[in-house]
Amino acid sequence: MDNVHILTYANTQSSHDQQQAASFCRPQSAVNVVALTQQLQRSLEVVVLLDTFAQFVAPYASFDGLQLHSSLGVSEMSNSRNTSVANRFDIDVEQEHLGQLVYYSHSPFSDQLCTQLKQWHQILSYPLRNALTYNRVLRLATRDPLTGLNNRSDFNIGMEKKLEVCRRQNRPFSLMLLDLDNFKQVNDQQGHQVGDETLQEFAMILKSSVRGTDSVFRFGGDEFAVLIDDDDFDTNRVVAERVQKAVHANALMSRHGVTSSIGYALAEAKDSSMSLFARADKALYQAKNLGRDTHYGEANSHDLERTNLNTHNSSQNPEKNAKIS
C-alpha cells in the first residue's frame, strides 16, 4: 500500500478532463489509502461503503452514479444518476463473486483508469463482503420465507422508527392492516400448497400497489401490514382500492373467491405503537363487519371515515388527484 501510484488517465475531450488527467500523474498518498481502508471498515451498510468509496474516487474519475449489483439486489450511492455509459467491474474476493460495480458516466473509462480502479476495488472488496454477509443474515432474520416480505419483527422496528420521526418532526404516516377473506376455506378445501400460492400472489399484489418509500410486512397466516410514508390520508384510500382491484383481477384469487378486507389509521404525535395498531385493527374489524371486500379508514382518533369499493360510482377516479404514484 505504501507505493500506490495513480496511472495517467488520458482524455483530451475537454480542458476539465485534461486537468483531471494531470491529477492521475501525481502519486496518491499512502495516508489517503490507509484512511480509506479505515473508513470502509467502520460500516456494514452497503450504501455507506459506496458513498465513502465514491468520495475517494471522485477526484480522479468523472461519473454520475455508482451501483453495486449483488445477490441482495441493486444498491447505489446517494444521489446516483444513470447516465449514458455503464462501466462495469466484477468484484471478487478469494474466488467468491460479490457482484458487479457499475459506474455511470458520459464517456467510457480509459484503460489506465480501469486498471487503477481495479486496484482500489481490492481495498473495497473485503469490507463489502462483510457488509453483504451481515445483510444476508439480517434479511434471513427479518424476512418471511414464504412471501419474501418483511416479517413481524422487522415491522416492530420500522413502526418505532416512524413513530419517533412523527413525534420529532411532525411527519405523520399511516398503518394499513389487511387480511384475506375466505382464505381458510382455500386451505381446507384446496390444501396448503394452493393456500401458499394464494399468499404469494397477494404479496406480489401488495408490493406492486405501493411505492418504494412504503414498507410491506406479513405477520403470519393471512395477516399483512403496510407502513405508508405519506401524511395525506387519501393516499390510504388509493392504495386500498388499488389492492382490491388487483385482487379482483387476479385469476387464482378470483377462482377461489378470495378478497381482502383493509383497515387503516393515520399516526398522530401522541400515538404509541400499541395505540396506532389498535386503531388500525379496529378499522379492519369494521371493514369485515361491513361485509368484507371493503376498506375502512380512521384519519385520527376523533374522525372516522368509511369507504366501500363496491359503492363507488364508475365515473369516480380516486387515483387522478391523489399524491401516490
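Contact here means heavy atoms within 4.5 Å of each other, and the model shown in these views is a predicted one.

**View 1. T147 and its neighbours in the loop between helix 4 and helix 5.** T147 is found in the loop that runs between helix 4 (111-142) and helix 5 (152-169), and with a relative accessibility of 10% T147 counts as buried. Leaving aside residues up to four places away in sequence, T147 touches L199, Q200, A203, K207 and R218. Within the loop, the side chains of T147 and D144 are joined by a polar contact of 2.6 Å, while the side chain of T147 also reaches the backbone nitrogen of L149 at 3.3 Å.

**View 2. The salt bridge between D144 and R218.** The side chains of D144 and R218 meet in a salt bridge, with a distance of 3.1 Å from N to O. Because D144 lies in the loop between helix 4 and helix 5 and R218 lies in strand 6, the pair ties together parts that are 74 residues apart in sequence. D144 is buried, with a relative accessible area of 11%, and R218 is likewise buried, with a relative accessible area of 11%. R218 is also one of the residues that T147 touches, and D144 is the partner of T147 in the polar contact of 2.6 Å.

**View 3. The salt bridge between K288 and D181.** K288 forms a salt bridge with D181, and the closest N and O atoms are 2.9 Å apart. Since K288 lies in helix 10 (residues 273-289) and D181 in strand 5, this pair ties together parts that are 107 residues apart in sequence. K288 is partly exposed, with a relative accessible area of 24%, whereas D181 counts as buried at 1% relative accessibility.

**View 4. Further salt bridges, including the one between D271 and R279.** A search of the whole structure finds 17 salt bridges. One of them joins D271 to R279, with the closest N and O atoms 2.4 Å apart; D271 counts as buried at 4% relative accessibility, and R279 is buried with a relative accessible area of 10%. Elsewhere, E94, E96 and R129 are linked in a network of salt bridges.

**View 5. The largest pocket and the residues of its lining.** The largest pocket has a volume of about 760 Å³. Of the 24 residues that line the largest pocket, N135, L138, R143, N150 and D154 are the closest to its centre. Helix 3, strand 1 (65-70), strand 2, helix 4, helix 5 and strand 6 (215-220) each supply at least two residues of this lining, which by class has 10 nonpolar, 8 polar and 6 charged residues.

**View 6. The second largest pocket.** About 230 Å³ of space lies in the second largest pocket. Among the residues that line the second largest pocket are R143, G148, L149, N150 and K207, and the lining as a whole divides into 3 nonpolar, 4 polar and 4 charged residues.

**View 7. Two asparagines with positive phi, N79 and N170.** Although N79 is not a glycine, N79 has a positive phi of about 60°; N79 is placed in the loop between strand 2 (73-76) and strand 3 (85-93), and N79 is exposed, with a relative accessible area of 73%. N170, which is not a glycine either, has a positive phi of about 55°; N170 lies in the loop between helix 5 and strand 5 (174-181) and is exposed, with a relative accessible area of 61%.

Notes: Residues numbered from 1 in each chain as written. Predicted model: local features only at pLDDT ≥ 70, side-chain atom pairs only at ≥ 80, totals over all residues. Heavy atoms only, no water. Helix = DSSP H or I, 4+ residues; strand = E, 2+ residues; numbered from the N terminus. Buried < 20%, exposed > 50% of the residue type's maximum accessible area, 1.4 Å probe, protein only. Polar contact = N/O pair within 3.5 Å; in protein donor to acceptor, adjacent residues only side chain to side chain. 1 Å grid on protein atoms, 1.4 Å probe; cavity = no way out; pocket = protein on both sides within 12 Å on 5 of 7 lines; lining within 4 Å. Points joined across faces, edges and corners; volume = space filled by probe spheres on them. Nonpolar A, V, L, I, M, F, W, Y, C, P; charged D, E, K, R; others polar. Salt bridge = Lys/Arg side-chain N within 4 Å of Asp/Glu carboxyl O.
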